[in-house]
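Student: Could you take me through a close look at one pair of helices in this model? I would like to see how the two pass each other and what lies between them.

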Amino acid sequence: MVLGYRPALKAGDMAPPSGESPLGNRLDPHLSRYAKRTHGMTASEIRSLFAVASRPEVVSLAGGMPNIAALSMETVSSTVANMLATRGQVALQYGSGNGDQHLREQICEMVGLQGIAPHPDDVIVTVGSQMALDLITRIFCDPGDVIIAEAPSYVGALGVFRAYQVEVEHVAMDEHGLNPEALRECLKTLAAQGKTPKFVYTIPTFHNPAGLSQPQDRRMEILQICQSAGVLIIEDDPYGLLGFDGHIPQAIRSHDSDGVIYLGSFSKTFAAGIRVGWAVAPHGVREKLTLAAESAVLCPPAFSQLTISTYLDTQPWMDQIKIFREVYRERRDATLEALTQYMPEGTTWTHPTGGFYVWVTLPEGMDGTAMLPRAVTARVAYVPGTAFYINGDGRQSIRLSYSFPEPDRIREGVRRLGGVINEELKLMHTFGTLGVARPSVSSQGSTPGPDVV
Ligand code: PMP
């Protein structure tokens, strides 16, 4: 018998009345074996609602899925065929831990658009930028370490921070993104407690979920604050090329190559299914990141890397990005027009100039988490604001994503949502509060799922 090994309960074994046993329960006989770090990994209750929300009759404004239909499948298939014909032997083999050399050079060219001029060796190719978030947290954070993130923040990043048992301090945003005063205050409070945050995690451009962008002077201020506090910045930028007016904001990283790790992705400029992203890291960090990447996946998939590399070499990729911008601009317009038409007084929302998301603040006293089952019954889905906070805040807000549905479906979805909010308001006026008889639904706990992030 292996030391420390306890046999798992078999499916038919009797469990105590509570369903719990020292080893586990009927649903999961391995329950007691999990590492402590998995305690934060629980499926949020809204997952089951999203299973319903994926039915065709429901307009889902929940998922941040790119509109792949705007990409020509003939182009993709001829690119793959070309890639296999020319580099098939390499594409089907293991590659290097930090990614394909030529692709890293191409990434350097791309990030040049954001004012970043790295050496190809500073680029680490990852399985989507999600993996870069995981690797960064893995190499910098021990359980109990503190990091700072905007409030609200990207749900997938919060899931990673939770998984590594990191404490997240939220810092408020204003209409220009991360608020510098609030950041200074947070750093001061942490310093008074003897804590130094491992990094500040920010999405300065077309924020998920807030739909806001930091102007250049705000970026500089955030950078200066972090520089003088000696705190690393993680700049997450998957939407940077998707500005509706074609303007490409300069990255924070373009002003500091030592104090900022920049994350990018092909998920929104090519296709999410290719699962290729990257980190541009300071020299000192890149080796640890590569070693962590190797221990996680050995190497990023050569097939995907060479496909995207061939695409960049042979196709007018900037024209494709312009097509994506147009598609998303039209959908953003449909969303904002419909919100103006159907939202009751007291509802406010952001006006994104790029990216996928609108952040809606409901009338005073309303609860977007409690309202979700009623919205899904009315055949419209969104992500409740609480999913974007580590601490249960955000009840009065919801995130709408306009990236996937056609404009007419978006208008219909927002019309249905307006109906639901109006009904809730009527109830609130009749009973004074929605606090009673509210179905217990929580969006806290973890990511709602890959189709939602
Ligand atoms: N960061 C942000 C802010 C995102 O919105 C997403 C995906 N929605 C990611 C990272 C992860 O993207 P991917 O892994 O597909 O590159």
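Tutor: Here is a walk along that helix pair, with a short stop at the ligand afterwards. This is a predicted model, in which local features need pLDDT of at least 70, side-chain atom pairs count only at pLDDT 80 or more, and totals for chains, interfaces and linings use all residues. Residues are numbered from 1 along each chain as its sequence is written.

Our pair is helix H6 (residues 180–192) and helix H7 (residues 216–229), whose axes come within 10 Å and cross at roughly 15°. Helices here are DSSP runs of H or I with at least four residues, numbered from the N terminus. The axes are lines fitted to C-alpha atoms over the stretch in contact, and angles run from 0 to 180 degrees between N-to-C directions. Because of that angle, H6 is roughly parallel to H7 (angles under 35 degrees count as such).

Now look at who meets whom: Pro180, Leu183, Arg184 and Leu187 in H6 are in contact with Glu221, Ile222, Ile225 and Ala229 in H7 (contact means C-beta atoms, placed from the backbone, within 7 Å). These contact residues divide into 6 nonpolar, no polar and 2 charged. Ala, Val, Leu, Ile, Met, Phe, Trp, Tyr, Cys and Pro count as nonpolar, Asp, Glu, Lys and Arg as charged, and the others, Gly among them, as polar.

For the ligand, the shell has 5 nonpolar, 9 polar and 1 charged residues. Helix H4 (residues 128–140) gives the largest share of that shell, 3 residues.

Methods. Helices (H or I, at least four residues) and strands (E, at least two) are DSSP runs, numbered from the N terminus. Angles under 35 degrees count as roughly parallel, over 145 as roughly antiparallel, 65 to 115 as roughly perpendicular and the rest as oblique. Two residues are in contact if their C-beta atoms, placed from the backbone, lie within 7 Å.
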